[in-house]
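Me: I have a model open and would like to understand the labels people attach to its residues. Could you go through the reasoning with me?

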Amino acid sequence: MDTFELLVESLKKWIKETTERIPAAQPSLNTEELKKPLEDTLTLKDEWTLKAPELQKMNSRGTLLCNLITAVTSPAKLRAVAKSGGTMLNGEGGAPGTQDVLKNKELTAVQQAMSDVNHSYEDLGVLLKEKISELENMLSKMQNIQEESTSMMQWLQKMDKTASDWEAAPADSEAVKAQVEQHKLFETELKQSANKVQELKDKVTELLEKNPNSPEAPKWRQVLDKIDSKWQYLSQVTSERQQKLEESSNYLTQFNTTEAQLKHWLVEKELMVSVLGPLSIDPNMLKTQKQQVQILLKEFDTRKPQYEQLTVAGEGILKRPGEHPPSHEIVKEQLAAVAQKWDSLTGQLRNRCDRIDQAIVKSTEYQSLLRSLSDKLSALDSKLSSSLAVSTQPDAVKQQLEIAREMKEEIEQEMKNINAARALCEELSALVGEEYLKAELTRQLDGILKSFKDLEQKSDNHVQQLQSAYAASHQFQQTSKDFQAWLGKKKEELNQARPVSAKLDALQSLIEEQKDFQKTMTDQISSYERIVAEGESILQKTQGADKAALQSQIATLRSNWDEMNKQVKERQEKLTDCLEKALKYKQHVENLQPWIEKCQSNVGELKVGINPVEIENSIVQVRAWQKDLDKHHGMVELLNNTAESLLNASQTDKEVVQEETKVLNQKVNVVTEQLHKKRESLENMAQRLKEFQESSRETEKQLKNAKEHLEAHNLLGPQSFSNKHLTMMQAQQKALQALKPHVDLAKKVAQDLVVEASDSAGVSDLLLQAESLEQEYTAVSQQVEDRCSFLETKLQGIGHFQNRIREMFSQFAEFDDELDSMAPVGRDLEVLQSQRKDIKCCLKKLEDLIMNNENANKNCKMMLATEGEDSPDLVGIKRDLEALNKQCNKLLDRAKAREDQVEGTISRVEEFYSKLKEFSSLLRRAEEHEESQGPVGMETETINQQLDTFKVFQKEEIEPLQVKQQEVNWLGQGLIQSAAKSTNTENLEHDLEDVNTRWKTLNKKVAQRAAQLQEALLHCGRFQDALESLLSWLIDTEDLVANQKPPSAEFKVVKAQIQEQKLLQRLLDDRKPTVEVIKREGEKIAESAEPADKVKILKQLSLLDSRWDALLTKAETRYLKLFHRFEKCRHSM
């Protein structure tokens, strides 16, 4: 024990001192300062490794010590102590028990010391690894920044030298284009490096912020200022040169393009101006000509910005500083020619526009005056023509004569306008100048003069005709007027007649009055026919508008007569129809009233009792009355329909019919409602009686069973003192409690029946029966309750222990469910750490449960010793505890297996990420090495050197990486494939896919580099070397294909195999251009080679072709097999 404690103290002291010796990661700007703490930490790491044997020695001694302590406190030892006279009761005992407790404390102390030292040792190892990684990262980061800053300064100096060699902007367009292209390349390179410059500045700034007081800080600030100032200078110079080049290029391009376009356009416009033609005399045509000119001027305005652009561009070219080349004179001449033609054409167009404006004013005024004269003469002619027909009425003839004289005066007044038109015709003729246009103006004026003379002659003839016409007929007008007045009076009498009544006697009186009115109309038929005949005779002698007026008058007379006859006939029909409906209504009322009175009498005589037979007979009687009521509902509906039709046909006295119909309907509804309530009351009474009888029978039956059970229980005597009989008695108690609502219901139904049928015989017997039933129920319930209380008191101790056993069973079941509900072992470190913590907690809870089970076993043995072996409940408890003990062992095994599985998975995941980190680091170095290779040379010696370097790179870096990549994939795929279906492996798959993608990209770049070198060798005459290199690669690839495993039956494995096959196919696709180039170059070489060499080359090419095709076929066949197997696995899932 002392040796163990010395080892523990020694290790704890060393761990504490080593932890204090770990150097802090102080940020620095000097790589030498960063190397020193890294070397110290590595030394501490070596010391930590050398301490492993000492730790193992401590663990061995601690384990041995634990075994000795356990042996001392084993169950066999305890039994020996018990035989010697030691006893234990209720957890108390003598000296042996105390010694056992002390030994357990020592065992716990040893285990705790071992656990503390082991955890501290492991924590120190983790801390050293993290510190080494942190220091290596800081050193690597600082070295990278130094290299990047040196490279950036060299690149900025190179770009500065290039910018200083720039020439001034040339005047020639081709030279400007060449310099623009060169400048674009320079600017592109500058933009591509902008992110690198900014990243470098950010890194240096971050270092300076973290280390502001470092001795190296002024140096790095100076480097940062140089980079920033040089970058700003280059950006400014580039922008200024870009502006100058764009300005020169724009001037040249604008002038050449615009001058050619304007020159061609001005020639077209000159031709259009020359074909415009003379001015017209038509205002619309003049406006069209003006629009043509305006359109041309607008086109000049539209082209004006282009003309000004040409001027600005030409002046920009001519005003350029320096010597003027011969091209300047050409530009000057072209600019002057365009300006001269522009001014000439615009002047012609503006002059023509002014002349057109003057012609439009005169022509518009002249044409307007001619139209006004023509319209006026046409209106007068139309007015005169419309008044040529002579009326038969004297007043109308007199009015026509006055109108004709007024028209003659208007014709004479238009002579002034004709003279004004003559003056305008002369002015417009002088402005136009063309003879045929002057003749057209004169012809238009002569046409107006001729129409004026014809209208004047026609007006004189019309005045003479109006003085000889007159006719009249007064008799027809007076007779027609008198008959229309009589019709109006009769129509008013008809409209004022009494409205149609709903009463039968009033209807008969109205029909008699209507017969007298119809007789008066019949007497006037002869007068009506005589007046119409006279009107038709006069109509045949009349013409024109008077004829139409007379026709309208006769038609109005006929229409009024026919309308009057129609109204008389319609009133006669309404009165007759209303009389028929009133008679039908009276008949229905007389039939319904006696039946309603009989029904009211029957309902009043019906009484409600509690005799079931009488209630059933009453229900049958009510149902019969309801059926009779349903049969008479048709008569009520017929009454309502007849009353509705009578009301629709009548115009007055409707209230009497409505009130009578309403009263009859209300009586029928009251009888119907009373019958419905009586039936519901009787049926409700019958149902309650039935419920009371059923509830009473059920209660009596249950009480009888309870009494029999009590008698049987009492006969058992002491044998009834068990949980089984207590449970049975409690069940009987619950049954009686459930019976309480039935007893209450029977009593309530009896009370309700007494209230509703208080006058019936036998009501008090029901109430007495219900109270007797309640008293019997109370007595039996009290006996059962007393017996249950007695048994519960007797069995309380055993019951408490049984409850504890049940609680333990429940806890074990919950623990079992907790183990079942645990998710499958994860594949993320965070999830695994959480699962490790969960299983530790589960084990701790399980240990507590096992301790409780052991205590329960001890208590059970004590109770068996006290109560005796014959108690059935204690024997059952003993069996339950044995079952609990077995379940404890099973759960402990499951929890331990879960813990081992989690710990093993954590170890595998940590190993995978360690391998992944190592492979990723090597892969990054290989990627940087691959990117640092320069372009392929053009000389054979250079290409051979590059090829040798490339082969060394492949052998020393790529091939070892292949092994590392396979190892990482094996570990990662093993973790993924062994995971349960519901386990989340996305992060693991993502990390694996990411590094595989980088590996594939690197392989692709390596293959491209090999193809470029091989192609360069071919072009340099080294066909044989390229062919041998390709054949060597072909042999390696064929071996790889031959060693591939067959398609797996597992979904995740075959998925990984498909990914590997896709990678192989990508390698073949990358090599395909190289194979094609070698075959093509070989065929060219064979054509010009000697016969022997030709045969040899063709044989080599044939062998290459066959082996290449065979390799492609094998790869495609394997991919198809893998794909079919993948689809099959996916469908089976």
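Me: Happy to start with one residue: what makes Trp342 count as buried or exposed?

Reply: Good place to begin, and keep in mind that this is a predicted model. The relative accessible area of Trp342 is 8%. Buried means under 20%, so Trp342 is called buried.

Me: And its ring partner: why are Trp265 and Trp342 called tilted?

Reply: Their ring centres are 6.2 Å apart, and the planes meet at 40 degrees. A pair needs centres within 6.5 Å, and an angle that is neither under 30 nor over 60 degrees counts as tilted. The distance makes Trp265 and Trp342 a pair, and the angle makes that pair tilted. Trp265 sits in helix 8 (residues 217-274) and Trp342 in helix 10 (residues 327-386), so the contact ties together parts 77 residues apart in sequence. Trp265 is buried too, at 7%. Ring pairs also join Trp265 and Trp342 with Phe300 and Tyr307 in a cluster.

Me: How many aromatic pairs are there by this rule, and why is the one between Trp48 and Tyr121 called stacked?

Reply: The count comes to 9 aromatic pairs. For Trp48 and Tyr121, the centres lie 4.6 Å apart and the planes differ by 15 degrees. Planes under 30 degrees apart count as stacked, so this pair earns the word. It links distant parts of the chain, with Trp48 in helix 2 (residues 31-50) and Tyr121 in helix 5 (residues 95-164), 73 residues apart.

Me: How do you know whether Trp48 is buried or exposed?

Reply: Its relative accessible area is 14%, and the cut-off for buried is under 20%, so Trp48 is buried. Tyr121, at 8%, is buried by the same test.

Me: Let's move to charges. What makes Glu899 and Lys840 a salt bridge?

Reply: The N to O distance between their side chains is 2.8 Å. The limit is 4 Å between a Lys or Arg nitrogen and an Asp or Glu carboxyl oxygen, so the pair qualifies. Glu899 belongs to helix 24 (residues 872-932) and Lys840 to helix 23 (residues 829-867), so the bridge ties together parts 59 residues apart in sequence. Glu899 is buried at 12%, whereas Lys840 is partly exposed at 42%. A search of the whole structure finds 11 salt bridges.

Me: Which residue does Lys964 bridge to, and why is Lys964 called partly exposed?

Reply: Lys964 pairs with Glu918, the closest N and O atoms being 2.9 Å apart. This pair links helix 25 (residues 940-978), which holds Lys964, to helix 24, which holds Glu918, 46 residues apart. Lys964 has 26% relative accessibility; partly exposed lies between the buried limit of 20% and the exposed limit of 50%, so the label fits. Glu918, at 36%, falls in that range as well.

Me: Which residues form the negative surface patch, and why can Glu402 belong to such a patch?

Reply: The patch is formed by Glu402, Glu406, Glu409, Glu412 and Glu456. Patch residues need over 30% relative accessible area, and Glu402 has 45%, so it passes that part of the test. Helix 11 (residues 394-413) gives the largest share of the patch, 4 residues, and Glu402 is in helix 11.

Me: One last one: which residues make up the nonpolar patch?

Reply: Tyr1119, Leu1120 and Phe1123, with about 250 Å² of accessible area together. Leu1120, in helix 29 (residues 1091-1132), is partly exposed at 43%.

Methods:
Residues are numbered from 1 along each chain as its sequence is written. This is a predicted model: local features need pLDDT of at least 70, side-chain atom pairs count only at pLDDT 80 or more; totals for chains, interfaces and linings use all residues. Side-chain values use heavy atoms; hydrogens and water are left out. Patches are made of residues with over 30% relative accessible area and no salt bridge: like charges are joined within 9 Å, nonpolar side chains (Val, Leu, Ile, Met, Phe, Trp, Tyr) within 5 Å. Accessible areas come from the Shrake-Rupley method with a 1.4 Å probe; for residues, only the protein chains shown count as cover. Lys and Arg count as positive and Asp and Glu as negative; His and the chain ends are not counted. The place of a charge is taken as NZ of Lys, CZ of Arg, CG of Asp or CD of Glu. Helices (H or I, at least four residues) and strands (E, at least two) are DSSP runs, numbered from the N terminus. Buried means under 20% relative accessible area, exposed over 50%, partly exposed in between (1.4 Å probe, protein chains only). Rings of Phe, Tyr and Trp (its six-membered ring) pair if their centres lie within 6.5 Å; planes under 30 degrees apart count as stacked, over 60 as edge-to-face and the rest as tilted.
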